[in-house]
Amino acid sequence: MAYRQSPSLPVLCTTGTHYDVGYNTGVTFSNNIRQYVNSSKRICEKIKPYYDTQEGRELYDIFLKATEDSYPQYCRELKGISDGSGVPFEMLFLLNISPEIRRHLERDTTPKVEADGCSDIFLNGPNLKLLVHNEDCDPLVKQYGYMLNTKIDDVEGKERFLAFCYPGIFPGPAFAVNGDGLVITIDGLYPKHVTLGAPPRYFVNRSLMRMTDIDSAEKLARNAGHGMAFGFCANISSIRNTEESWVLEIAPGHPNAGTQIHTIEEGTELDPNYYFRCNSYKHSTVEEATYHSSTHRMIRAQELPAPKSLHDILNILGDTHHGLYPIFRTPRETDRSETVLTVSMNILNKTMNLYQGNPKYKPYPFLSLPLELDKDII
């Protein structure tokens, strides 16, 4: 009988400057990063070959210049990951601009394969406040992803956060909580066009680890004077200001990114406010690329009864009714993404529960972590 490995997720606790934290991450997860870079089909079949073309090099240089101008501290952090892991900086930078590269490659065509993209549910009542997230991405992230629990002290200021990371990619594009009690999950959004000359989406995701409230989150996302090249949605709750939650949609633009805040107000005990979203703009007018998965996930969620409990939410996020584009995603010919984790943020209990496998049938977390972060890690 073959041995079946139980779910596991390594967590690195580290402190220092941006470079220090990057270096320690690279050293600790060198094998994860190397295996991911060398095994991922989307990297080997699209990202690497494109970089070897003249157009690919020119695009790389445009994004590197924009990033160095806007986020020098994160360039140092990425250099640390490179030095620690032994993976060339160029390869790691390509990973961190991969959404822009994939969209740029498909700019004049209809995408043949679905984009990565997650699903989220807010439930906001007086006695139950939840933000629950399906992490949908490259299936290899299930094997090689990790958590980073860190405290950064550098010339640009201090940061404190706990975040799930894709191998070799910054904290920020998935889900996290920071030292100010802000909980965040991310849904990729897919504008039809990339804004060249603006910094890439993952670097803006990374900057949101510094937010202190919804207004500062919007300011960081707008990134005045530099903007952003692509799009995403930040779903945000606070364990200290619990009455409201927020959806922050960000659209590409230069010199400023476009931003739109939608407030999820508190419902009643019998009728908590329910909000479902995935990978299309709901509150902003943006010309978008055509992807079927997000559309079908949204339609299916609207067909199901509104949830009143965590159990109900997990049933929705675990739904596999649609044969081609289910809410709980598994790799198939038309969709290479997989729901590698589900995370439930209980705002009132201040806990983060992680599930691996379909939470509809496995509603028991394999890992629970506090949302209230200690000031000191060690």
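Throughout these legends, helices (H or I, at least four residues) and strands (E, at least two) are DSSP runs that are numbered from the N terminus. The structure is a predicted model, in which local features need pLDDT of at least 70 and side-chain atom pairs count only at pLDDT 80 or more, while totals for chains, interfaces and linings use all residues. Residues are numbered from 1 along each chain as its sequence is written, and side-chain values use heavy atoms, with hydrogens and water left out.

**View 1. The open sheet of 6 strands.** The strands of this open sheet follow the order 11-2-3-12-13-14, and their pairing is antiparallel; two strands are taken to pair if DSSP finds at least two bridges between them. Strand 11 (273-277) and strand 14 (367-370) stand at the edges with a single partner strand each, so one side of each is left without a neighbour in the sheet. From one strand to the next the twist averages 15°, where axes are lines fitted to C-alpha atoms, for helices over the stretch in contact, and angles run from 0 to 180 degrees between N-to-C directions. Strand 2 (residues 119-124) pairs with strand 11 in the antiparallel sense over 5 bridges, and Ile 121 stands opposite Phe 276 of strand 11.

**View 2. Helices on the open sheet of 6 strands.** Helix 11 (residues 292-303) packs on the sheet and touches strand 2, strand 3 and strand 11, its direction making about 155° with that of strand 11; contact here means heavy atoms within 4.5 Å. Helix 12 (residues 310-317) lies across strand 2, strand 3, strand 11, strand 12 (338-346) and strand 13 (351-355), and runs at about 20° to strand 3.

**View 3. The open sheet of 8 strands.** In this sheet the order is 1-4-5-6-7-8-9-10 and the pairing is mixed. Its edge strands are strand 1 (11-16) and strand 10 (258-264), each of which pairs on one side only, and the twist averages 20° from one strand to the next. Strand 4 (residues 146-154) and strand 5 (residues 157-165) run antiparallel and are joined by 9 bridges; the bridge partner of Tyr 146 is Cys 165 in strand 5. Helix 1 (residues 18-28) lies across strand 1, strand 4 and strand 5, running at about 150° to strand 1.

**View 4. The largest cavity and its lining.** A search of the whole structure finds 4 cavities of 30 Å³ or more, a cavity being a set of points, on a 1 Å grid over the protein atoms alone, where a 1.4 Å probe fits but cannot get out, and lining residues being those with an atom within 4 Å of a point. The largest cavity has a volume of about 220 Å³, a volume being the space filled by probe spheres set on the grid points, which are joined across faces, edges and corners. Of the 22 residues that line the largest cavity, Arg 42, Arg 102, Asp 116, Tyr 166 and Tyr 202 lie nearest its centre. At least two lining residues come from each of helix 3 (41-51), helix 7 (98-105), strand 3 (129-137) and helix 9 (201-207).

**View 5. Two loops with backbone features.** The peptide bond from His 254 to Pro 255 is cis, with omega near 15°, and Pro 255 is found in the loop between strand 9 (245-251) and strand 10. Asn 223, a residue other than glycine, has a positive phi near 50°, and its place is in the loop between helix 10 (214-222) and strand 8 (231-238).

How values were computed:
On a 1 Å grid over the protein atoms alone, a cavity is a set of points where a 1.4 Å probe fits but cannot get out, and a pocket is an open set with protein on both sides within 12 Å along at least five of seven lines; lining residues have an atom within 4 Å of a point.
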